[in-house]
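This briefing concerns strand pairing and cysteine chemistry in a single protein chain. Please consult the sequence and the structure alongside the text.

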Amino acid sequence: MLGDLSLIRPMTLVLTITVIGGCGKASNNSGVAETPGGGNQPTEAPPIDPRTVGSIAGTVRLDGRVTKRVLIPPDAYCAAQNPKGIVMDAFVAGEGGTLADVFIQVKIGLANRRFPSPSEPVVLDQVKCVYVPHVVGLMTNQPLIVRNSDDHLHNVHSFPQRNSPFNIGQSTKGLESNLRFAVPETGIPVQCDLHPWMSAWIHVSDRPFFAVTGLNGRYSIPGLPPGDYEIVAWHERFPKAPRVAKVKVASGEAATVDFSFEVTRK
């Protein structure tokens, strides 16, 4: 059973830095850090002086009008957990057309730096027959805990292109699976085969400079050494057309880069 709800048309976006829309390969995607002279042997990152770092921040907006779809789950348990239904549309927009669930990362500009993987895990939960959060970002070899907070059977099925896939059944509330990803990969889809409306996206980076936008569309990437960078904004509805921007980060300053995604009107 589907019902239609409309989003507000967002305000016109003015870019602080010119944004280039395109799907070309803009950076090294080999799973190892960039090295001058064409080599691919990663080296330890030279120390970053915290007194000189800057940051990149901005807002992502959705330009256009979309229709939300609300599903009443055919599964009795899931329907009872969601009496008003589950919003199915991939676009989660806030006031003023701000866009959530956009993964933004620094792709070019860190040269041959290599960064240690955090030991603190990232959690992907299953709550009321929905993946929470819908989008997660983590570093290579950082633990990902997939948890079932429902008293209901789910399975967690991933479809990576570069990492090893997993397909895990979790039948009991509180069950957890500890996973890791060996190489960087953007846009790994995850679904529950038992409840096909359940979907999530995992993004894996070998650098700690990434963020996921919230409902306010905001993101912030701190701790960058001064330099010229290329950053990429990726949304699940535009997997072949990420937004790309070039930006200069100065010592002790915050650079601003805003992005927009346009919905084609029918």
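Which residue in S14 is the bridge partner of Ser 158? The partner of Ser 158 is Val 190. The model discussed here is predicted. The points below begin with the strand that carries Ser 158, then turn to an open sheet and to the cysteines.

**Strand S11 and its partners**

- Strand S11 comprises residues 154-158, and 5 of its 5 residues are buried, which leaves the strand mostly covered.
- The residues of S11 alternate in direction: His 154, Val 156 and Ser 158 point one way, Asn 155 and His 157 point the other way, and all are buried.
- Strand S12 (residues 167-170) pairs with S11 in the antiparallel sense over 4 bridges.
- Within that pairing, Asn 167 in S12 is the bridge partner of His 157.
- Strand S14 (residues 185-191) also runs antiparallel to S11, joined to it by 2 bridges.

**The open sheet**

- An open sheet is formed by 4 strands in the order S8-S7-S10-S13, with mixed pairing.
- Strands S8 (130-132) and S13 (176-179) occupy the edges; each has a single partner strand, so one side of each is left without a neighbour in the sheet.
- From one strand to the next, the twist averages 20°.
- Strand S10 (residues 144-148) pairs with S13 in the antiparallel sense, over 4 bridges.
- Asn 178 in S13 stands opposite Ile 145.

**The disulfide**

- The model contains 1 disulfide.
- This disulfide joins Cys 78 to Cys 129, with an S to S distance of 2.0 Å.
- The link of Cys 78 and Cys 129 is left-handed, with -80° about the S-S bond.
- Cys 78 lies in helix H1 (residues 76-81), whereas Cys 129 lies in the loop between strand S7 (122-127) and S8, so the pair ties together parts that are 51 residues apart in sequence.
- Cys 78 and Cys 129 are both buried.

**The cysteine Cys 192**

- What separates Cys 192 from a bond with Cys 78 is distance: the closest cysteine sulfur to that of Cys 192 is in Cys 78, 7.9 Å away, which is too far for a bond.
- The cut-off applied to a disulfide is a pair of cysteine sulfur atoms within 2.5 Å.
- Cys 192 is buried, and its relative accessible area is 0%.

How values were computed. Residues numbered from 1 in each chain as written. Predicted model: local features only at pLDDT ≥ 70, side-chain atom pairs only at ≥ 80, totals over all residues. Heavy atoms only, no water. Pairing = 2+ DSSP bridges. Axes fitted to C-alpha atoms, helices over the stretch in contact; angles between N-to-C directions. Buried < 20%, exposed > 50% of the residue type's maximum accessible area, 1.4 Å probe, protein only.
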